[in-house]
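Thanks for making the time this morning. I would like to take you through one model, and I will start with a term that we will need along the way.

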Amino acid sequence: MQDFAPTNVPAHVAIIMDGNGRWANARGLPRTMGHRKGVEAVRGAVKTAAELGIGYLTLFAFSSENWSRPEDEVSDLMGLLKAFIRRDLADLHRENVRIRVIGDRANLSGDILPLLIEAEETTIANTGITLVIAFNYGARDELARAMRRLGEEIAAGRLCPEDITADRITAVLDTAGIPDPDLILRTSGEERLSNFLLWQGAYSELLFVPELWPDFTRETFVAAIEKYASRERRFGGLLQRTLAVGS
């Protein structure tokens, strides 16, 4: 879109995709239909982000707490993830999208983990937008796993406690090498982070939109970026105003 210049657009947008179930319930449909419609919104969001020049798009696909949902719903979500990778991986690869997966990989079912690894390895050399899929992810779990890694380094004598800095912690998180999100966006009107990118989002701009995720369109995304561009970012210090869209 010619109305957007690189300085107008956040380098990294993270989205909590909320409202699939409510979208289906409002239409008298099974919750699974909401999740299926949500996959279509994912495809549109990735395309729009790439066109806007966003470098990283992180999508909260499945949290470490979602395993407590009804078994049939979890099974359907796993099926959708597998179908998305099998059906869309070739297209994403052709469009130069790089895929990263964050979250706890321990004890994942045998048919899920190989697909996640395949998606990463197939696209590792791509130089376009990086699509970060947060799967079996929870921020507190991520931090606990990171602290265990640092604790093991200390126990082995390779690290001193006084050497633990914010940068050192960042380097052992799942998102190592990925810039912190400039904007965290949540759909459905709910206004909470739900254990998502708590460390990385320390200075992120937060935006909560009323649209349910299946209704998240290009226009919704563009409007969100326009709102971000009007924000004043201070990072705990002096004012840093983002440039207005189209300026």
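When I call a residue buried, I mean that its relative accessible area is under 20%, whereas exposed is kept for values over 50% and partly exposed for what lies in between. Please also keep in mind throughout that this is a predicted model.

Let me begin with the annotated positions. The UniProt record, an unreviewed entry, carries the annotation "binding site" for Asp18 and Glu205, and of these residues, Asp18 is included in the lining of the largest pocket.

With the term in hand, is Glu205 buried or exposed? Glu205 has a relative accessible area of 13%, and because the limit for buried is under 20%, Glu205 counts as buried. Glu205 belongs to strand β6, which covers residues 205-208, and, if we set aside residues up to four places away in sequence, Glu205 touches Asp182, Leu183 and Ile184 as well as Tyr228, Arg231, Glu232 and Arg233.

Asp18, for its part, sits in the loop between β1 (12-16) and α1 (20-26), and since its relative accessibility is 16%, Asp18 is buried too. Beyond its neighbours within four places in sequence, Asp18 makes contact with Arg186, Thr187, Ser188 and Glu190, and also with Leu212 and Trp213.

That brings me to the pocket itself. The largest pocket holds about 760 Å³ of space, and of the 31 residues that line this pocket, Met17, Asn20, Phe60, Ala61 and Phe62 are the closest to its centre. Several elements contribute to this lining, with α1, α2 (31-52), β2 (56-63), α3 and β4 (130-137) each supplying at least two residues. In character, the lining divides into 17 nonpolar, eight polar and six charged residues.

For the second largest pocket, the volume is about 200 Å³. Its lining includes Val42, Arg43, Val46, Lys47 and Ala50, together with Phe84, Asp88 and Asp91, among others. Which element gives the largest share of the lining of the second largest pocket? The largest share comes from α2, with five residues, while α2 and α3 each supply at least two. This lining divides into seven nonpolar and five charged residues, with no polar ones.

Let me turn to the interior. The largest nonpolar core has 47 residues, and those with the most contacts inside this core are Ile15, Leu57, Phe135 and Phe221. Helix α3, residues 71-94, gives the largest share of this core, namely nine residues. A second, separate core has 12 residues, including Ala14, Phe60, Phe196 and Leu197, and Phe60, you may recall, is one of the residues closest to the centre of the largest pocket.

I would finally like to look at the surroundings of Phe221. Leaving out neighbours within four places in sequence, Phe221 is in contact with Val13, Ile15, Ala45, Thr48, Ala49, Ile54, Leu57 and Phe216, and one of these, Thr48, deserves a word of its own. Thr48 is part of helix α2 and is buried, because its relative accessibility is 4%. Apart from residues up to four places away in sequence, Thr48 touches Arg218 and Phe221.

To return to the starting point, the two positions in the UniProt "binding site" annotation are Asp18 and Glu205, and I would ask you to remember, in the discussion, that the entry is unreviewed and that the model is predicted.

Notes. Residues are numbered from 1 along each chain as its sequence is written. This is a predicted model: local features need pLDDT of at least 70, side-chain atom pairs count only at pLDDT 80 or more; totals for chains, interfaces and linings use all residues. Side-chain values use heavy atoms; hydrogens and water are left out. UniProt positions are given in the numbering used here, feature names are shortened, and annotations may be inferred rather than shown by experiment. On a 1 Å grid over the protein atoms alone, a cavity is a set of points where a 1.4 Å probe fits but cannot get out, and a pocket is an open set with protein on both sides within 12 Å along at least five of seven lines; lining residues have an atom within 4 Å of a point. Helices (H or I, at least four residues) and strands (E, at least two) are DSSP runs, numbered from the N terminus. Buried means under 20% relative accessible area, exposed over 50%, partly exposed in between (1.4 Å probe, protein chains only). Contact means heavy atoms within 4.5 Å. A nonpolar core is a set of buried Ala, Val, Leu, Ile, Met, Phe, Trp, Tyr and Cys residues joined through side-chain atoms within 4.5 Å. Grid points are joined across faces, edges and corners, and a volume is the space filled by probe spheres set on the points. Ala, Val, Leu, Ile, Met, Phe, Trp, Tyr, Cys and Pro count as nonpolar, Asp, Glu, Lys and Arg as charged, and the others, Gly among them, as polar.
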